[in-house]
Amino acid sequence: MASVEGININGTSIANCYRKFYPETYKQIQDFNLFHYLHLWGIRVSSCNSSTPDDLVGGLRVNNFNVLEAIASQASTEPSPYFITNPLSDAKKLGGAAFMVEGQNTYRYNGRKNSIWKPYPSFCPTKAVKVYRWSPSVEELKALNAAKKPISEGFEEAKKRGRVKISTSPDTCIHRAWSKDKFYKDSAGCQIIPDYDTLNIIGDWAEAHIKKKYGNIFVYTLFTKDQFVSANKGFDFVSIIKSVG
């Protein structure tokens, strides 16, 4: 079972994040008994090494027994190393590779036949989303290489120093990774999942959502690690068996 700082990822711990930071979404989860209504979520656990699946992406829904269930995969929510040092032409003009800003955005389900990501499920935003743009300077690259640190480790420091720009991007899709453990060209700003079994289940849940006639619109919420920990620190999970209904 996946965990963050010793806190297990499950239906209750993810719902707690919505309860604290997105109460309107939590009210929807709690009050309306929308069986099989899928909420997409991610947790940016670390941005220090975007070549590794050190984040989490998954789904949350209420099943037909009116019980919350969550599924999660190790993932990366940042651009892979190649695209940080070699941003695509449009990204370069806008200030560099795109790091999606934490928050909520609407997505559509592409199914499993997209020409790029088939035969696996994928989702893409319905409109351009807010992103950080960062292109490491020559000096930053030299310092990171000399210290033998991952290129992306410079991102948080650059953000603190005001060296990142705020922009938008339509290319923050949720899709498969091509590598399992080490990413290089897998993402130019997308949310990538190397666990295809989990990705297929998220696709199954999306199809169940659409079959229930909720439409092909999903909200993807990207939380920070601090938000997840804050929402769950000291929470009495043992006493909570069912948190919906």
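This section describes the nonpolar cores, an internal cavity, a strand pair and a helix of a predicted model.

The largest nonpolar core comprises 23 residues, and within this core the most contacts are made by Leu 40, Phe 123, Ile 174, Ile 193, Phe 218 and Tyr 220. At least two residues of the core come from each of strands E5 (68-75), E6 (97-100), E7 (103-111) and E9 (129-134), from helix H7 (196-211) and from strand E13. Helix H7 makes the greatest contribution, supplying 5 residues. A further core of 20 residues lies apart from the largest one and includes Ile 7, Ala 15, Tyr 18 and Tyr 22.

The surroundings of Ile 193 were examined with residues up to four places away in sequence excluded. On this basis, Ile 193 touches Ser 73, Gln 74 and Ala 75, as well as Ile 174, His 175, Arg 176 and Ala 177. Its remaining contacts are with Val 57, Leu 199 and Ile 202. Ile 174, one of these partners, is itself listed with Ile 193 among the residues that have the most contacts inside the largest core.

Strands E4 and E5 run antiparallel and are joined by 8 bridges. Within this pair, Gly 58 stands opposite Ala 72 of E5. The two strands form a hairpin with 5 residues between them, in which Asn 66 adopts a positive phi near 65°.

With regard to internal voids, the structure contains 1 cavity of 30 Å³ or more. The volume of the largest cavity is about 50 Å³. Its lining consists of Gln 28, Ile 29, Leu 34, Tyr 37, His 39, Arg 61, Val 62 and Leu 68. Helix H2 (23-31) and strand E4 (55-62) are the elements that provide two or more residues to this lining. By residue class, the lining divides into 5 nonpolar, 2 polar and 1 charged.

Helix H8 spans residues 225-232, and its buried residues are Gln 227, Phe 228, Val 229, Ala 231 and Asn 232. These buried positions pack against strands E1 (3-4), E2 (7-8) and E3 (39-44), against helix H1 (11-21), and against strand E13 (218-224). Strand E13 thus appears both among the packing partners of H8 and among the elements that supply at least two residues of the largest core. Just after H8, Gly 234 takes a positive phi of about 80°.

How values were computed. Residues numbered from 1 in each chain as written. Predicted model: local features only at pLDDT ≥ 70, side-chain atom pairs only at ≥ 80, totals over all residues. Heavy atoms only, no water. Buried < 20%, exposed > 50% of the residue type's maximum accessible area, 1.4 Å probe, protein only. Helix = DSSP H or I, 4+ residues; strand = E, 2+ residues; numbered from the N terminus. Contact = heavy atoms within 4.5 Å. Core = buried A, V, L, I, M, F, W, Y, C linked by side-chain atoms within 4.5 Å. 1 Å grid on protein atoms, 1.4 Å probe; cavity = no way out; pocket = protein on both sides within 12 Å on 5 of 7 lines; lining within 4 Å. Points joined across faces, edges and corners; volume = space filled by probe spheres on them. Nonpolar A, V, L, I, M, F, W, Y, C, P; charged D, E, K, R; others polar. Pairing = 2+ DSSP bridges.
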